[in-house]
Each structure stands twice: as structure tokens, then as C-alpha cells.
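Student: Could you take me on a close look at one strand in this fold and what sits around it? I'd like one connected walk through it, not a list.

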Amino acid sequence: MNKTTRSLAIIGASAIVLSASPPPSAVAQGQVTLTIATVNNPQMVDMQHEVGDFEKSSGIKVNFETLPENTLRQKVTADIATGGGQFDIATVGTYEVPIWAKNKWITDLGPYFDKMDAKTKADYDLNDVIPSIRKGLSYNGSLYAVPFYGESSMTFYNKKLFAAAGLTMPVHPTWDQIVGFAQKLNDPSKNQYGICLRGLPGWGEMGAPMTTVINTFGGQWFDTQWKPTLDSGATKDAITFYIDTIKKYGEPGASSAGFTECETNFTQGKTAMWVDATSASGLITDPKNSPIAADVGFAYSPTKVTPKGSHWLWAWSLAMEASSKHKDEAFKFLTWATNKHYIRLIAADRGWGNVPPGTRLSTFNDANYKKAAPYGDLILQSILTADPTNATLNKVPYTGVQFVGIPEFQAIGTQVTQNLAAALTGSSTVDAALALSQQEVTRTMQQAGYYK
């Protein structure tokens, strides 16, 4: 199996799925229909409610299919591998973009921005997009996707529960402090648990927060020779800590709890803390969606040995597939959904606290956003200080904070987290899960040609 074929088999895509394209003549008749499959995150759901604005201005019809993150990646993999041209637009993450661009699966957006007239280009204002977010969506200096929303990670906590227990959350907590709080606030008899951490298998589910714990403990997925380091040293310590914390003080049914489930547990007051994506801030502080909105507190993501890699960098973004027959129409949608007008549209309809976060500097500087989102500076600093090129204490051969930027990681991360989910349910131990993972990852890397 050659490297390109191997990548096709391995990479799972977070993709917006579009139906088979109509004939070119349909464009002139205004009959183009884009069928979009998106992740079921609140910001993407909001886009569905607002798409009439785009349809009215462009004459292009849009249909949505909403799927959980893992399901979306799996569903799109087969079609992406064939290059069959069934999709016009893909919703991709920071992990996928450089790999897809290298394989020529998505289109360089530079020429399309260059074709914009001066006013349209100024209105979109590409330079307003946060530089680190823009850099993560580039390959060889060219932009291949535009961010719909960006994020880092942070600590959410229930101020009411903390006050009742006489506890104070520091702005920069350590993991030792977090565990201490979780122990004191854990009371299963009251259906109250100390913390919610993702336990749902998946490189982008459990794998994301767990990898930040690995980083800040001083560990890494691979050494400089691409040998996995899962069953020894700081990496093993970090993973053991993560699983043990969930088992002792975490949510019940943790092996089925991903971002959405933890968000629900937290907003219902069932968990005292939650360490996860900064993009959740708007929803959990919206009284219409969160019963504990007035009681939510914010702190930076916890640290241990080093602050490096303790908080991630991510963007859900829109890209054009290279085989699309409707690139001009697709670009119209990309720039509609990611421009300043769209942010103002959401602000008017749903409030400034619910605008797509983490993409534009102007959003963080807006007085209305500052008033609605007092946590905004914490989010911006987390995004600006997350460095995918320097996310581990020791030198490593890869980039990425909560992921390893190689095609094989999608399969590796999913397999390892599946093994660890067995440790969460008690059908295995952490030691056994890590020993098995070490063997499996070593075999995968050997087969991929990283070493003999």
C-alpha cells in the first residue's frame, strides 16, 4: 500500500456533504442546491437557521444534514477516498486541512480571494482573521479553508457549588487543584459529580482533552524517532491520571460522554467542573439554554509540569473540494458563513454571546461582545498562546496540540481511546489498555514506513 492510498484509507473527514452537482446550465437558472452535512455543534445549528439570508442573496438553495462528530467523519471517509466529486464543500478541522491540501483534495482559496473586487475584499477583511487560526488552515503559505469558529480549551466551573463548599477557583488552576476540588464536590448520592471529562472514544473526542493532559504532564505521543511512548514515563502517568480522575469523580456512563453529553451534564448542574472547548462559553451562559447560566465561572485550562500544550487550538472550517463542479458558488457560501456580516446577523438574532467565536479580532474588540462575553479576553489569550509547533516539553517530530499532525493519527487516536474506554467501563485496566495500545501503534507506524 503506497502512502497516498494509505492516507485515503486512514483519514476521516469532518465534512460538509453535498449532493451530486446539477448540470452547469442550472447555475444560470438559479437551481444549484448545496446539501450540507455538518457537526451537531450549536454554532453549526445556528447556521441552518440563518441560511435563508444566503439563499435570498445568492439564489442558491441549501439543505443540511446534521451528524455527531464521529459519525460525520466516518460517513465522509469513503467518498473522499474515491475523489468521486459528490461534494462541493467540506467542513474540516485544523487537523485535516494541511493533509488534505497536500493530497490536493481541497482547493487553494487564494485565487478566489484575488478575484474579489476591492470593496468585497475589504468587507471580508481576511487580515481580521486571527493569525494563528489562519496559519493552521494553510499549507505552503496558501489558505485552503476559512474558519467558521475557532477555539482553545478552558475550565468551566459552577460558582454556586464552589461557594457552598467554601472553595475558590484560581485563574490558572493546576490539575492537582482540579482533582482536589473534584474530590470535595463529588457527591453521587445527590447526583452531583466533581468533574466531566470526555470519555467517548475518538481521536477528536476523548483524545483531544486527554492529549492536553499528556502535554502538560511532560509527555508526548511519540519520541523523536516516531516510537510511541504510551506505556511508560510521563505519558503513561498522564493517561492513568485522566482515566482515574473520571472513574473516581467523573460523570456516570463516561465511556459514552463526549462534548455534547458533558455540556448537558454541566448545564444541568450535575457536574461541578468541565474542562473543554472555549466555544461552549456562549451556550452555557445563555439563560435560554442553561439553567446555571448565572453561576458559570471561567478559568484557564489546568497545568501540571509545563504550560506547553495545556490548551488546544482548533477551528471548524469550510473548504472547497478539488473535484467540485461549482467552485464559484461554493466560495460564495464559504465567505457568507465566515464574514463580519454573518457575525452581526447572529448577534441580532441570538445575541452577541452566541456569535461564532474565536475567528476574528474585531469580534473580541467589539464593545457589544465584550459586554455579553466577559470571558472573551480569557478565550483570546488561550487561542493566541496555543502553539502547535511547540506543544510538548520534550522535542517531538510532529506538530499539533491535541492531535498529532500525521494522516495515521485519526486511526491511531481512535484505536487508543477505544482501548482506554474499556478501562473506564472496568472491562480492562489502564495498564493493559496502554500495553495493547503501544503494540498496536508500533505496528501501525512500522507498516506506515516511519521506521523498521
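Tutor: Strands β6 (residues 146–151) and β10 run antiparallel and are joined by 5 bridges. This is a predicted model, so take everything here as read from predicted coordinates. Within that pairing, Y149 has W316 as its bridge partner in β10. Strand β10 also pairs with β3 (residues 89–92): here 4 bridges join the two, and again they run antiparallel. In this second pairing, T91 stands opposite L318 of β10.

Now look at how β10 (residues 314–320) is covered: 7 of its 7 residues are buried. That holds for both faces, with W314, W316, L318 and M320 on one side and A315, S317 and A319 on the other.

Let's follow the first of those faces, starting from W314. Its relative accessibility is 5%, under the 20% cut-off, so W314 counts as buried. Two of the strand's tryptophans, W314 and W316, belong to one aromatic cluster together with Y95, W203, W221, F403 and F409. W203 counts as buried too, at 3% relative accessibility.

Aromatic pairing is something you meet again and again in this model, with a count of 34 pairs. One of them is F156 with W274, a tilted pair at 5.2 Å centre to centre and 40 degrees between the planes. F156 sits in strand β7 and W274 in strand β8 (residues 273–277), so to speak a link between distant parts of the chain, 118 residues apart. F156 is buried at 0% relative accessibility, and W274 is likewise buried at 0%. Back at our strand, the ring centres of W203 and W314 are 6.1 Å apart with the planes at 65 degrees, so that pair is edge-to-face. Since W203 lies in the loop between α10 and α11 while W314 is in β10, the pair ties together parts 111 residues apart in sequence.

W221, from the cluster around W314, also has a place in the largest nonpolar core, which has 135 residues; W221 and F333 are the ones with the most contacts inside it. F333 brings us back to β10 by another route: leaving aside neighbours within four places in sequence, F333 is in contact with L318, and also with L34, I36, M47, V51, F54, V62 and I89.

Go back to β6 for a moment and step off its end. S152 is in the loop between β6 and β7 (153–158), and S152 is buried, with a relative accessible area of 0%. The side chain of S152 reaches the backbone oxygen of W312 at 2.6 Å. Beyond residues up to four places away in sequence, S152 touches D276, A277, T278, H311, W312, S382 and I383.

Strand β6 has another neighbour worth a look, helix α16 (residues 340–350). The buried residues of α16 pack against β6, and also against α3 (42–58), α15 (327–337) and α17 (361–365). Those buried residues are Y342, I343, L345, I346 and A347. At the N-terminal end, α16 is capped by N339, with a side-chain oxygen 3.1 Å from the backbone nitrogen of H341. After α16 comes G351, whose phi is positive, near 95 degrees.

One last stop: the loop that holds W203, between α10 and α11. C196 is in that loop as well, and C262 is in helix α13 (residues 259–267), 66 residues apart from it. A disulfide joins C196 to C262, S to S 2.4 Å, and the count for the model is 1 disulfide. The torsion about the S-S bond is about -80 degrees, so the disulfide is left-handed. C196 is buried at 0% relative accessible area, and so is C262 at 0%. Helix α13 also holds N265, which is buried with a relative accessible area of 17%. Not counting residues up to four places away in sequence, N265 touches C196, E251, K270 and T271.

Notes:
Residues numbered from 1 in each chain as written. Predicted model: local features only at pLDDT ≥ 70, side-chain atom pairs only at ≥ 80, totals over all residues. Heavy atoms only, no water. Disulfide = S-S within 2.5 Å. Buried < 20%, exposed > 50% of the residue type's maximum accessible area, 1.4 Å probe, protein only. Contact = heavy atoms within 4.5 Å. Pairing = 2+ DSSP bridges. Polar contact = N/O pair within 3.5 Å; in protein donor to acceptor, adjacent residues only side chain to side chain. Core = buried A, V, L, I, M, F, W, Y, C linked by side-chain atoms within 4.5 Å. Phe/Tyr/Trp six-rings, centres within 6.5 Å; stacked < 30°, edge-to-face > 60°.
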